[in-house]
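Got the model loaded and a selection box ready? Here's a walk through it, one stop at a time.

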Amino acid sequence: MEISLLAMDLDGTALLDDHKTFSPRLRAALDAAARKGVAIVPTTGRQYAMLPPAVHTGAAWEDLCILCSGGEIRRLRTEELLETHYIETDVARRVMEIAAQLGQPVELSADGQLYLTRESWDMQREHAESLQFHLNSILTTRGREVSSLDTVLEQPGLALDKINLPYVPCEQRAEAERLLTTAPISFAWSSPHSIEITHSLATKANGMLMACELLGVDSAHTMAIGDSDNDISMLRVAALGVAMGSAPQEVKDAADAVTGSNMEDGAAIAIERYILGGQ
């Protein structure tokens, strides 16, 4: 199968465990794929402001990026906004009601910031071992404490790209899923304890299909690589879905193939095998 577009997750897939860099082998594979005419589209739950240095190096392949798990599509070099699916205020309030039923705080993601209350800060610090990257690398730079999330929702022109439930205990997992299915949203587990909530049309699958439309690529010639629950939709929709070796079983089950982990150059190996043909 000839691949014309690669939708590539970042954290846990393309990025090393520093959450900032690609391995030399992966960078070489991406450059080689680009020379073959393959469009490389980083596909992430992150906001544009939170993208890692690895995708801002000036490489020839840096063009489109799917952000906020499909909530936005932008150009990497210029930040130009091409497509959006933001959460409406009334839907956000419904999600906050569900979080209150669960007794869990929420984070609102908008305009390059994460808005949260002191209660949410304190809860996350209680679970610092599980939330170490989010606390140390995201909230320390992008977290904004507010007395009430209602004041955030009242901001005119708010571009609410995502809502996070940062820590859901295992015993609440089924109940959280049951309640969230009653709201007009998309949601996925971004980690074993964290749920990311987006607009009903904001999925990585829809983002990949929109990128195909923008670039004039037939979706029958797409490949996706990912490792988390929020990657499942694009793994299923892509002509070839590849799960990382470190992915949960449900992610592997959604894929057509499994490669190594991010620390074993799994993404590079998959590109070499399925795009470069063993070059």
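## Stop 1: helix H11

Select H11 and look at Gly-266, Ala-267, Ala-268, Ala-270, Ile-271 and Glu-272: they are buried. Buried here means under 20% relative accessible area, exposed means over 50%, and partly exposed is in between, with a 1.4 Å probe and protein chains only. Helices (H or I, at least four residues) and strands (E, at least two) are DSSP runs numbered from the N terminus.

A word on the ground rules: this is a predicted model, where local features need pLDDT of at least 70, side-chain atom pairs count only at pLDDT 80 or more, and totals for chains, interfaces and linings use all residues. Residues are numbered from 1 along each chain as its sequence is written, and side-chain values use heavy atoms, with hydrogens and water left out.

Now show what surrounds the helix. The buried residues of H11 pack against E1, H1, H2, E12 and E13, where contact means heavy atoms within 4.5 Å. Zoom in on Ile-271: not counting residues up to four places away in sequence, it touches Leu-6, Leu-26, Ala-29, Leu-30, Ala-33, Met-223, Ile-225 and Leu-276.

## Stop 2: the cores

Which residues have the most contacts inside the largest nonpolar core? Select Leu-6, Phe-22, Leu-30, Met-223, Ile-225, Ile-271 and Ile-275; the core has 36 residues. A nonpolar core is a set of buried Ala, Val, Leu, Ile, Met, Phe, Trp, Tyr and Cys residues joined through side-chain atoms within 4.5 Å. Colour the elements that give it two or more residues: E1 (5-8), H1 (10-14), H2 (24-35), E3 (64-67), E12 (222-226), E13 (240-243) and H11 (266-274). H2 gives the largest share, five residues.

Apart from this core lies another, of 29 residues; to find it, pick Val-91, Val-106, Val-146 and Ile-163, which are among them. As background, nonpolar side chains tend to be buried together in soluble globular proteins.

## Stop 3: the parallel sheet

Switch to cartoon and follow the open sheet of five strands, in the order E2-E1-E12-E13-E14, with parallel pairing. Two strands pair if DSSP finds at least two bridges between them. E2 and E14 (257-258) stand at the edges with a single partner strand each, so one side of each is left without a neighbour in the sheet.

H11 turns up again here: it packs on the sheet, touching E1, E12, E13 and E14, and its direction makes about 160° with that of E12. That angle is between N-to-C directions on a scale from 0 to 180 degrees, with axes fitted to C-alpha atoms, for helices over the stretch in contact.

Next, pick the E1 and E2 pair, which is parallel over four bridges. Leu-5 stands opposite Ala-39 in E2.

## Stop 4: a hairpin

Move on to E10 (residues 185-189), where four of the five residues are buried. E10 and E11 form a hairpin with five residues between them. The two strands run antiparallel, joined by five bridges. To check the register, label Ser-186 and its bridge partner in E11, Thr-198.

Stay on E11 and select Glu-196, which forms a salt bridge with Lys-162, the closest N and O atoms being 3.3 Å apart. Glu-196 is in E11 (residues 195-199) and Lys-162 in E9 (residues 160-165), so the pair ties together parts that are 34 residues apart in sequence. Glu-196 is buried at 5% relative accessible area, and Lys-162 is buried at 8%.

## Stop 5: other salt bridges

How many salt bridges does the structure hold? It holds 14, counting a side-chain nitrogen of Lys or Arg within 4 Å of a carboxyl oxygen of Asp or Glu.

Try Asp-11 with Arg-46, where the closest N and O atoms are 2.7 Å apart. Asp-11 is in H1, while Arg-46 is in the loop between E2 (39-42) and E3, 35 residues apart. Is Arg-46 buried or exposed? It counts as buried, at 10% relative accessibility.

For a pair within one helix, select Arg-178 and Glu-175, with the closest N and O atoms 2.8 Å apart. They are three residues apart in H7 (residues 173-180), so about one helical turn separates them. Arg-178 is partly exposed at 47%, as is Glu-175 at 33%.

## Last stop: positive phi

Finish in the loop between H1 and H2, where you'll find His-19. Its phi is near 60°, a positive value in a residue other than glycine.
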